[in-house]
Amino acid sequence: MRIAGAPISWGVCEVPGWGHQLDRERVLSEMRSVGLTATELGPDGFLPHSPTRRKALLEEYGLRAVGGFVPVVLHEPRHDPLPGVRARMRDFAEGDVDVLVLAADSGADGYDRRPQLDATGWKTLLDNLRRILAAAKGRSPAITLHPHVGTMVETREEVERVLDGSAVPLCLDTGHLLIGGTDPLELVRRDPGRVAHVHLKDVDQGLAAKVRDGGLTYTEAVRQGIYRPLGQGDVDVAGIVTTLGQSGYSGWYVMEQDTVLTSAEDDAVDDVRQSVAFLEGLA
């Protein structure tokens, strides 16, 4: 198994007002202390913008960058996302980053509200995915789409619409899929070939149901601990990893347990350490 971490497991997030943001030296040091050798990039500004400086900094901590989360508005007919995506592709290629993880950004700050797409919006979104895939064909980094709470691809119906209407590979985020109403294990069993990158989360199903029903915002659910150390929630992480392995998946497993910190005194590393131990047990 190729196991990586993510700054969001230390509360580092692009959403304004998300919580206390730890400095990168502490986050990278703690990644190294639990035995990680790879990470995703985190939000813009967390690591140096220069691909060369970013790569050199990570190497100081014995890490390499394997992916990065890139929210992009894909559904707006008057907005062309391709120039911005091309620029991020060049940045990732120069920095030896393997996977560009697209999200269908709603255009709003955060993940607690979003518009509903009409037929024009859906056509635009799917057309833009096809254009992006065509631009990326035969090039690095790999392009994936991340179904994500609060984006334009969240619910089971929306995930199925993307699977049926495009060829885009998926970033399989076990937590966001479950919260949105998709069984990630069922998806992996049915179509393992669509999975090109994995974000592993474990989830409290009770809190997930409240988010789906509108009784709790996503941000508040994270504050209340919707994400659990791997193996301690309601996602069949072992079944997903086993099924992917049997299908020949050889990509990264990124441990991502979104958390909100209130101060620098909060300890996020213990949950990561427990998740590393769980995955090492599976391996």
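Me: Why is D96 called partly exposed?

Reply: This is a predicted model. In it, D96 has a relative accessible area of 41%. Buried would require a value under 20%, and exposed a value over 50%. The 41% of D96 lies in between, so the residue is called partly exposed.

Me: Where does D96 lie, and what makes its phi worth a remark?

Reply: D96 is found in the loop between α3 and β4. Its phi is positive, about 60°, although D96 is not a glycine.

Me: Which residue with a positive phi follows α2?

Reply: That residue is G62, with a phi near 70°.

Me: What makes R24 and E25 a salt bridge?

Reply: Their side chains meet at 3.8 Å, N to O. The cut-off is within 4 Å, so the pair counts. R24 has 25% relative accessibility and E25 has 38%. Both values fall between 20% and 50%, so each residue is partly exposed.

Me: How many salt bridges does this rule give?

Reply: The count comes to 20.

Me: Why is E158 called buried, and what is R114 called?

Reply: E158 has 10% relative accessibility, which is under 20%, so E158 counts as buried. R114, at 21%, is not under that limit and therefore counts as partly exposed. The side chains of R114 and E158 meet in a salt bridge of 3.0 Å, N to O. This pair links distant parts of the chain, 44 residues apart. R114 is in the loop between β4 and α4, while E158 is in helix α5.

Me: How do you know that D127 and K123 are separated by about one helical turn?

Reply: D127 and K123 are four residues apart in helix α4. An α-helix has 3.6 residues a turn, so residues three or four places apart point the same way. The side chains of D127 and K123 meet in a salt bridge of 2.8 Å, N to O. K123 is called exposed because its relative accessible area, 55%, is over 50%. D127, at 24%, is partly exposed. Elsewhere, salt bridges that share partners join R156, E160, E186 and R190 into one network.

Me: How do you know that the buried residues of α2 are on the same side?

Reply: The buried residues in helix α2 are P51, R54, L57 and L58. They cover an arc of only 130° around the axis, which puts them on the same side of α2. These buried residues pack against α1, β2, β3 and α3. The face turned away from the buried side carries exposed residues T52, R53, E59 and E60.

Me: What makes both faces of strand β6 covered?

Reply: L170 and L172 on one side are buried, and so are C171 and D173 on the other. In a regular strand the side chains alternate between the two faces of the sheet.

Me: How do you know that β6 and β7 pair?

Reply: The two strands share four bridges, in the parallel sense. Pairing needs at least two bridges, so the four found here meet the rule. In β7, V195 is the bridge partner of L170.

Me: What kind of peptide bond joins S140 and P141?

Reply: A cis peptide bond joins them, with omega about 5°. P141 is in the loop between α4 and β5.

Conventions: Residues are numbered from 1 along each chain as its sequence is written. This is a predicted model: local features need pLDDT of at least 70, side-chain atom pairs count only at pLDDT 80 or more; totals for chains, interfaces and linings use all residues. Side-chain values use heavy atoms; hydrogens and water are left out. Buried means under 20% relative accessible area, exposed over 50%, partly exposed in between (1.4 Å probe, protein chains only). The arc is that of the directions from the helix axis to the C-beta atoms. Contact means heavy atoms within 4.5 Å.
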